[in-house]
Amino acid sequence: MIAQVGGIDLRYFVAIFLLHNTVKPANSSDYTESDMNTESVVEFLGNVPLLQKLPSSSLKKIAQVVVLKRYGKGDYVIREDQAWDGCYIIFSGEAEVSGTAEEDNRSEFLLKKYDYFGHGISAHVHSADLIATSELTCLVLPRDHCRLLETNSIWQSDKEVDKCSLVERILHLDPLELNIFRGITLPDAPKFGKVFGGQFMGQALAAASKTVDFLKIVHSLHSYFLLVGDLDIPIIYQVHRIRDGNNFATRRVDAIQKGNIIFILLASFQKEQQGFEHQESIMPSAPDPDTLLSLEELRERRITDPQLPRSYRNKVATSNFVPWPIEIRFCDPSNSTNQTKSPPRLRYWFRAKGKLSDDQALHRCVVAFASDLIFASVSLNPHRRKGLRSAALSLDHAMWFHRPLRADDWLLFVIVSPSADVTRGFVSGQMFNRKGELVVSLTQEALLREAKPSVTSKL
């Protein structure tokens, strides 16, 4: 397989060789990971096309097991019929596949920096000689570790779709063109008569993440809901690469249906760095999530609770209940209904159902998806009354990710609505992990209206 050639700053790798000063004779023994700076090697690997489907956690594992091999000009790197011992990635220099007849096609068989060979050959031996045409250095992933080249994250791969969690399948995108992806609304995805806002955010963020250097993770996003999404047709996500810097990258994503932009997401990504750290916010006291009722258990209890209105219990019992891909446990279970006035605040624990892949980018996409499930509706709490029919539509949504998190472990979502006015309700929220660390801050504004009862003719 022949890859396209890219380029990055070589200063990191020059520093490695100067520091260690352990250059060995060409065509001799290997270097181990102790001879290389892992962070610099991860950055290098992130530019190899073969590896760009992998999460950053896999790149770090690969960087810890690759070995360095050096060759002189004219040396055989591999020989025809030789058993392949791993995946070779060109670190510096050039090599050529021997026996290329056509001169005008020679460049296709000249391998340069970031190109690779060896892995993926169906036979156990090489089918051609590969010769160094200059001083050559290769990073070699040993054959026993080539399984690291496979990803388990469904939002990055179409393998074993049915074995992944529902939320990963919801976030799965099909690449159509460079920077263009397609998402769908699954039959068992959350629906509220239209495409769920969290689905837009999760899928759009996944699309943006696929176009960014794997060392950069989203740290903030701002989104706008423009038009209602149609559940029955695919959503096209077009990614605009606004900026790519050494430490930051910016992406804009347009979600399109029927030729119209119906949702916009602007996201900023940052490479992990050392810096100042403090936390003023304190996680409020909350019961252990394992002691609280699940939504399914809460529903069953409400159906039979005589303290709740009979009409409400009948409505709950006869409504179609579709389990969400996110498990939610309320900290303050009560006898309130959707027509009972209550303070404009809420606390609940949530986590994705099932075990998620080890990918921080994926976990942040899942949290973005889950953040819209019960958020803006808190603004309606002080205005609920018997007979009230309301409509709420998200207008915009912003998130700031402060620390690494796991979406398949319990997170406490603390929500408050400080204001509602002129048909708009405003909410802010904080998410804490079980250790009390603030991992996400977020805000949302939504359109709140009293729904007019539909009038039907008696004729």
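Select helix α3, residues 56-65, in this predicted model. Its buried residues are Ser56, Ser58, Leu59, Ile62 and Ala63. Viewed down the axis of α3, these buried residues fall within an arc of 150 degrees, so they line one face of the helix. An α-helix has 3.6 residues a turn, so residues three or four places apart point the same way. To see what this face meets, add helix α2, residues 38-45, and strand β8 to the selection: the buried residues of α3 pack against both α2 and β8.

Strand β8, residues 136-142, also leads to the next stop. Follow the chain into the loop between β8 and α4 (166-171), and select serine 165 there. Is serine 165 buried or exposed? Serine 165 counts as buried because its relative accessibility is 9%, below the 20% limit for that class. Now display the residues around serine 165. Once neighbours within four places in sequence are set aside, Lys353 and Leu356 are in contact with serine 165.

Next, select lysine 355, which is found in the loop between β16 (345-352) and α8. Lysine 355 has a relative accessible area of 66% and is therefore exposed, the limit for that class being over 50%. Which residues does lysine 355 touch, apart from those up to four places away in sequence? They are Glu168, Arg406 and Asp408. For aspartate 408, draw a distance between its C-alpha atom and that of lysine 355: the two are separated by 6.2 Å, although the residues are 53 apart along the chain.

The loop that holds lysine 355 ends at α8, so that helix may be selected next, together with α5. Helix α5 covers residues 197-209 and helix α8 covers residues 360-370. Their axes are 7 Å apart, and the helices pack at an angle of about 160 degrees. This angle makes α5 roughly antiparallel to α8, and their crossing is right-handed. To display the contact, show Gly198, Gln199, Met201, Gly202, Leu205, Ala206 and Ser209 of α5, with Arg364, Cys365, Ala368 and Phe369 of α8. Coloured by character, the residues of this contact divide into six nonpolar, four polar and one charged.

Finally, return to the whole protein. Its secondary structure comprises eight helices and 20 strands. Of its 459 residues, 46% are buried. Among contacts between residues at least 6 apart in sequence, 74% join residues at least 24 apart.

Conventions:
Residues numbered from 1 in each chain as written. Predicted model: local features only at pLDDT ≥ 70, side-chain atom pairs only at ≥ 80, totals over all residues. Heavy atoms only, no water. Helix = DSSP H or I, 4+ residues; strand = E, 2+ residues; numbered from the N terminus. Buried < 20%, exposed > 50% of the residue type's maximum accessible area, 1.4 Å probe, protein only. Contact = heavy atoms within 4.5 Å. Axes fitted to C-alpha atoms, helices over the stretch in contact; angles between N-to-C directions. Parallel < 35°, antiparallel > 145°, perpendicular 65-115°, else oblique. Left-handed = near helix turned anticlockwise from the far one by under 90°. Nonpolar A, V, L, I, M, F, W, Y, C, P; charged D, E, K, R; others polar. Arc of directions from axis to C-beta.
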